[in-house]
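Thanks for coming. I will go through one structure, piece by piece, and you can follow along on the screen.

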Amino acid sequence: MKQCDCCERIGVEVNSIKLFEELKHFFEDQVEQGIFSETKVKEPFYVWKRNCFDKMKWYADKWYKCNVCGTLWEFDYPDFPTCGFVRKFPDGKYTGKEVVKGGY
C-alpha cells in the first residue's frame, strides 16, 4: 500500500530557483509514483477588481491531489523577483485560504 507524508509537510514561499527545482522534482516524483495526481486548476488564488468591468484573476500553475489522504496542494511557480508558493488544503477542498494543520 502506498503511503504519503502530507501530514508532515506545510505550505512554503518559493523564494529561490533551488527551492523551486526541489519542489517541482518532488511533485513530479509523487505523480510518477502514483501518490499524487495532477488536477486541473479551477479557482484563482487572487482576484483583483478595479470596477465591475475590470477584473483580473491569477491562477496557480499546478494543483496536485494526494491519492492516499486527499490533501490538495496548490503550486504557483515563481516569476522572479516575485516569489511563488506551495499551499496545503488538508481536507482536499480549495478555500483560497491556506490551511496548515501539522505540517509542507
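Let me begin with Pro44, which touches Lys57, Trp58, Tyr59 and Tyr94, leaving aside residues up to four places away in sequence. Before going further, please keep in mind that this is a predicted model. Pro44 sits in the loop between S2 and strand S3, the latter covering 46-49. Is Pro44 buried or exposed? Its relative accessibility is 17%, and the cut-off for buried is under 20%, so Pro44 counts as buried. One distance for orientation: the C-alpha atom of Pro44 is separated by 14 Å from that of Tyr77, and the two residues are 33 residues apart along the chain.

A second loop residue is Thr71, found between S5 and S6. Thr71 has 3% relative accessibility and therefore counts as buried. What does Thr71 touch, not counting residues up to four places away in sequence? The list is Cys6, Tyr64, Lys65, Cys66, Lys88, Phe89, Pro90 and Gly92.

Two of those contacts, Lys88 and Phe89, bring me to strand S7. This strand runs over residues 84-89, and six of its six residues are buried, so S7 is largely enclosed by the rest of the structure. Look at the two sides of the strand separately. On one side are Gly84, Val86 and Lys88, on the other Phe85, Arg87 and Phe89, and all of them are buried, so both faces are covered.

Which strands pair with S7? Strand S1, residues 12-14, pairs with S7 in the antiparallel sense over three bridges. Strand S6, residues 72-76, is also antiparallel to S7, and that pairing has five bridges. Val86 appears in both pairings: Val12 has Val86 as its bridge partner in S7, and Phe75 stands opposite Val86 as well.

Now the interior. In soluble globular proteins, nonpolar side chains tend to be buried together. Here the largest nonpolar core has 13 residues. Val86 is again on the list, as one of the residues with the most contacts inside this core, together with Val14, Phe27, Phe36, Tyr64, Trp73 and Phe75. Helix H1, at 17-32, strand S5, at 62-66, and S6 each supply at least two residues of the core. The largest share, four residues, comes from H1. Apart from this core lies another one, of six residues, including Val41, Ala60, Trp63 and Tyr94. Tyr94 has come up before, as one of the residues that Pro44 touches.

Staying with helix H1, I would point out Gln30, which is part of that helix. Gln30 counts as buried because its relative accessibility is 9%. Leaving aside residues up to four places away in sequence, Gln30 touches Ile35 and Phe36.

Next, the charged side chains. How many salt bridges does the structure hold? There are five, and I will describe some of them.

One is within H1. The side chains of Glu28 and Lys24 meet in a salt bridge, at 2.8 Å from N to O. These two residues lie four residues apart in the helix, which is about one turn. Glu28 has 40% relative accessibility and so counts as partly exposed. Lys24, at 27%, is likewise partly exposed.

Another joins Lys62 and Glu38, whose side chains meet at 2.9 Å, N to O. Lys62 is in strand S5 and Glu38 is in strand S2, residues 36-39, so this pair ties together parts that are 24 residues apart in sequence. Both ends are partly exposed: Lys62 has a relative accessibility of 23%, and Glu38 has 48%.

The last I will mention is between Asp5 and Arg9, where the closest N and O atoms are 3.0 Å apart. Asp5 is partly exposed, with a relative accessible area of 23%.

To finish, the surface. Which residues form a nonpolar patch there? They are Tyr46, Met56 and Trp58, and together they have about 300 Å² of accessible area. Met56 belongs to strand S4, residues 55-58. Its relative accessibility is 40%, so Met56 counts as partly exposed. Trp58 we have already met, among the contacts of Pro44.

That is where I will stop.

Note on methods. Residues numbered from 1 in each chain as written. Predicted model: local features only at pLDDT ≥ 70, side-chain atom pairs only at ≥ 80, totals over all residues. Heavy atoms only, no water. Buried < 20%, exposed > 50% of the residue type's maximum accessible area, 1.4 Å probe, protein only. Pairing = 2+ DSSP bridges. Patch = residues over 30% accessible without salt bridge, like charges linked within 9 Å, V, L, I, M, F, W, Y side chains within 5 Å. Areas by Shrake-Rupley, 256 points an atom, 1.4 Å probe, with all protein chains shown as cover. Salt bridge = Lys/Arg side-chain N within 4 Å of Asp/Glu carboxyl O. Core = buried A, V, L, I, M, F, W, Y, C linked by side-chain atoms within 4.5 Å. Contact = heavy atoms within 4.5 Å.
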